[in-house]
Amino acid sequence: MDGIRLGVRGAASTDTGRQRSNNEDAVLVRGGLLVVADGMGGHEGGEVASAIAIAALEELGDDPAEDAVVAAMIEANARIRAADATSAAPTGMGTTCTAVLVADDGAHVAHIGDSRAYLFRDGILTQLTRDHALLAEMVRTGVLSAEQASHDDRRNVILRALGAAERPDIDVATTPLCAGDRILVCSDGLTAPVADADIAAVLAAALDAAATADRLVRLANEAGGPDNVTVIVADIVHVAHGVVPGGDRGHAGRRRLAVLAGTVAVLALAGVLAVVGIGSLGRGTQTAPSPSHSLPGQTVDETPSPAASSSPGVTASPSVPAGSSGSGPVPSVPSPGGSAAPAG
């Protein structure tokens with residue numbers, strides 16, 4: 001297929017949930033780079049840690065290399081530790097970080113913590129990451145059953161996170177992709193209260209990426225919303241070289257496009273005004289929202305709902321879970337928005 005390559009149409013949605021007062025998750029959708037970070041270390045520490053991680057990855061620009069993503073996560077680890085060390089009240093802050101870089105040769109995953117990346121293909125939902133959490137490890141080693149783990153109060157103890165150690169232990173893997181695949185990246189605010197089968201059913205529905213992301217966030221809130229919840233949905237498509245598919249960018253992406261269009265108009269007007277001697281106009285900037293877990297030996301104040309067990313492959317049921325709870329549309333992320341771009 002000469003001249004054809006893989007492209008991605010991505011969208012993100014996030015919400016504080018029903019039991020938290022602030023959102024400590026942070027998210028980035030830029031070109032083929034999809035990132036979710038879920039902070040820990042208290043109210044302020046979690047927000048700072050996740051924001052630092054996203055900022056380091058955003059610095060990579062629109063077409064980063066696979067190795068650059070891992071290097072940026074290592075850099076974020078150092079920045080988080082430095083920020084905590086110089087804080088007036090160190091909290092032991094840290095953050096999960098799950099990054100998926102969509103390229104022509106597949107999805108390159110760099111991961112630490114218990115946020116997750118999934119591949120949805122032909123009705124089957126497959127988890128691409130491994131949870132770096134105490135209970136997940138105990139289930140893997142046979143110490144606890146999945147049922148026992150779902151009722152254990154240590155479900156928020158994380159074994160690996162950015163900021164937790166001088167040298168972060170980051171998992172890396174590559175999964176082949178094809179047109180028609182869907183990528184899901186999310187915080188545990190989705191996967192703790194919502195079963196994989198229900199997630200798969202929403203991904204299988206005939207909804208675009210933005211509507212799917214919003215629907216998954218609503219599903220988590222309908223299940224009690226025990227934590228901040230952040231979701232990225234990205235559709236993999238074929239595009240011609242040099243062509244950007246005009247697909248769905250989600251609410252965040254549409255907002256970004258509107259801001260860019262407004263900026264162009266303002267700059268054009270500024271140029272006219274400057275010519276006639278009236279002056280020029282400036283433009284403002286927006287900052288991304290910044291994430292609640294605990295490092296080994298720490299626990300968060302709120303106890304989330306029992307985690308739904310997951311399996312390597314889950315088949316989507318033909319029915320979609322019940323509709324919106326009536327709380328209105330879930331706000332999408334006002335950080336760098338969903339994008340539609342050729343893979344890097």
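Colleague: What makes β7 and β8 a pair, and how many residues lie between them in the hairpin?

Modeller: Two strands (DSSP runs of E, at least two residues, numbered from the N terminus) pair if DSSP finds at least two bridges between them, and β7 (residues 116-121) and β8 meet this in the antiparallel sense with four bridges. The hairpin they form has two residues between the strands, and Asp122 in the turn has a positive phi of about 50 degrees. Phe120 stands opposite Leu125 in β8. This is a predicted model, in which local features need pLDDT of at least 70 and side-chain atom pairs pLDDT 80 or more, while totals for chains, interfaces and linings use all residues. Residues are numbered from 1 along each chain as its sequence is written, and side-chain values use heavy atoms, leaving out hydrogens and water.

Colleague: Which side chains of β8 are buried?

Modeller: Along β8 (residues 124-127) the side chains alternate, with Leu125 and Gln127 buried on one face, whereas Ile124 and Thr126 point to the other and are not buried.

Colleague: Why is Cys186 called buried or exposed, and why Cys178?

Modeller: Buried means under 20% relative accessible area, exposed over 50%, and partly exposed in between, with a 1.4 Å probe and protein chains only. Cys186 has 1% relative accessibility, so Cys186 counts as buried, whereas Cys178 has 33% and therefore counts as partly exposed.

Colleague: How many disulfides does a search of the whole structure find?

Modeller: The search finds zero disulfides, a disulfide being a pair of cysteine sulfur atoms within 2.5 Å.
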